[in-house]
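User: Hey, I've just opened this one and I don't know my way around yet. Can you walk me through it?
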Amino acid sequence: ATTEIYTLSLHDALPISEEKTAEIWRFMIDYRHQGKGYGRRAMELALEKIRRAGVFDRVQLYYVPGNEKARALYRSLGFGETGNTLDGEMQMELILE
């Protein structure tokens with residue numbers, strides 16, 4: 001039997017703008033599997049895929065205000081707050097080097 005642990009939605013290989021920005025639209029870990037490292041590993045793999053594509057210079061994502069676990073995970077992976085919001089969600093950005 002297979003258990004779904006996470007959902008991740010990425011835009012595929014082409015940048016969404018001239019800024020060469022990849023956006024992660026949804027990243028959710030089933031509450032029964034949070035705190036086990038699955039989210040960190042899934043995000044690391046997603047960022048690795050984005051880097052390997054070789055066409056992006058930044059990654060953006062959004063989190064729901066008050067979701068401090070998500071915010072802390074993204075910050076630990078190098079994302080910083082931009083101060084921008086979309087539909088009430090806070091934007092974070094990672095500059096790829």
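Analyst: Sure. Among contacts in the protein between residues at least 6 apart in sequence, 57% join residues at least 24 apart. Keep in mind that this is a predicted model.

User: OK, what helices and strands does the protein have, and in what order do they run?
Analyst: There are two helices and five strands. Starting at the N terminus, the order is β-β-α-β-α-β-β.

User: How much of the protein is buried?
Analyst: Buried residues account for 32% of the 97 residues. As for the outside, the accessible surface is about 6,500 Å², and 49% of that belongs to carbon and sulfur atoms.

User: Which residues touch the most other members of the largest nonpolar core?
Analyst: That would be Leu47, Val59, Tyr74 and Phe79, out of 20 residues in that core. At least two core residues come from each of E2, helix H1 (38–53), strand E3 (58–63), H2 and strand E5 (89–95).

User: What does valine 59 touch?
Analyst: Leaving out residues up to four places away in sequence, valine 59 touches Ala22, Ile24, Leu47, Ile50, Phe79, Met92, Glu93, Leu94 and Leu96. Two of those, Leu47 and Phe79, are also on the list of core residues that touch the most other members.

User: Let's switch to aromatics. How many aromatic pairs are there?
Analyst: The count is two aromatic pairs. In one of them, phenylalanine 27 and tyrosine 74 have ring centres 6.5 Å apart and planes at 55 degrees, so that pair is tilted.

User: Which parts does that pair tie together?
Analyst: Phenylalanine 27 sits in strand E2 (residues 21–29) and tyrosine 74 in helix H2 (residues 68–76), so the pair links parts 47 residues apart in sequence. There's a cluster here too: Phe27, Tyr74 and Phe79 form one aromatic cluster.

User: Is phenylalanine 27 buried or exposed? And tyrosine 74, buried or exposed?
Analyst: Phenylalanine 27 has 14% relative accessibility, which is under the 20% cut-off, so it counts as buried. Tyrosine 74 counts as buried as well, at 4%.

User: Which residues are buried in H2?
Analyst: Ala70, Leu73 and Tyr74 are. Looking down the axis of H2, the buried residues fall within an arc of 95 degrees, so they line one face of the helix. What covers them includes E2, H1, E3 and E5.

User: Why would buried residues in a helix line up like that?
Analyst: An α-helix has 3.6 residues a turn, so residues three or four places apart point the same way.

User: And which residues are buried in H1?
Analyst: Gly39, Ala42, Met43, Ala46, Leu47 and Ile50 are buried there. Down the axis of H1 they fall within an arc of 135 degrees, so these residues line one face of the helix. H1 has 16 residues and reaches 23 Å from its first C-alpha to its last, close to the 22 Å expected.

User: What comes just after each helix?
Analyst: A glycine with a positive phi turns up in both spots. Just after H1, glycine 54 has a phi of about 70 degrees. Just after H2, glycine 78 has one of about 105 degrees.

User: Which residue has a positive phi although it is not a glycine?
Analyst: Aspartate 87 does, at about 50 degrees. Most residues other than glycine have a negative phi.

User: Where is aspartate 87? Exposed or buried?
Analyst: Aspartate 87 is in the loop between strand E4 (80–86) and E5. At 76% relative accessibility, aspartate 87 counts as exposed.

Definitions and conventions: Residues are numbered from 1 along each chain as its sequence is written. This is a predicted model: local features need pLDDT of at least 70, side-chain atom pairs count only at pLDDT 80 or more; totals for chains, interfaces and linings use all residues. Side-chain values use heavy atoms; hydrogens and water are left out. Rings of Phe, Tyr and Trp (its six-membered ring) pair if their centres lie within 6.5 Å; planes under 30 degrees apart count as stacked, over 60 as edge-to-face and the rest as tilted. Helices (H or I, at least four residues) and strands (E, at least two) are DSSP runs, numbered from the N terminus. Buried means under 20% relative accessible area, exposed over 50%, partly exposed in between (1.4 Å probe, protein chains only). A nonpolar core is a set of buried Ala, Val, Leu, Ile, Met, Phe, Trp, Tyr and Cys residues joined through side-chain atoms within 4.5 Å. Contact means heavy atoms within 4.5 Å. Accessible areas come from the Shrake-Rupley method with a 1.4 Å probe; for residues, only the protein chains shown count as cover. The arc is that of the directions from the helix axis to the C-beta atoms. The expected span of a helix is 1.5 Å times one less than its number of residues.
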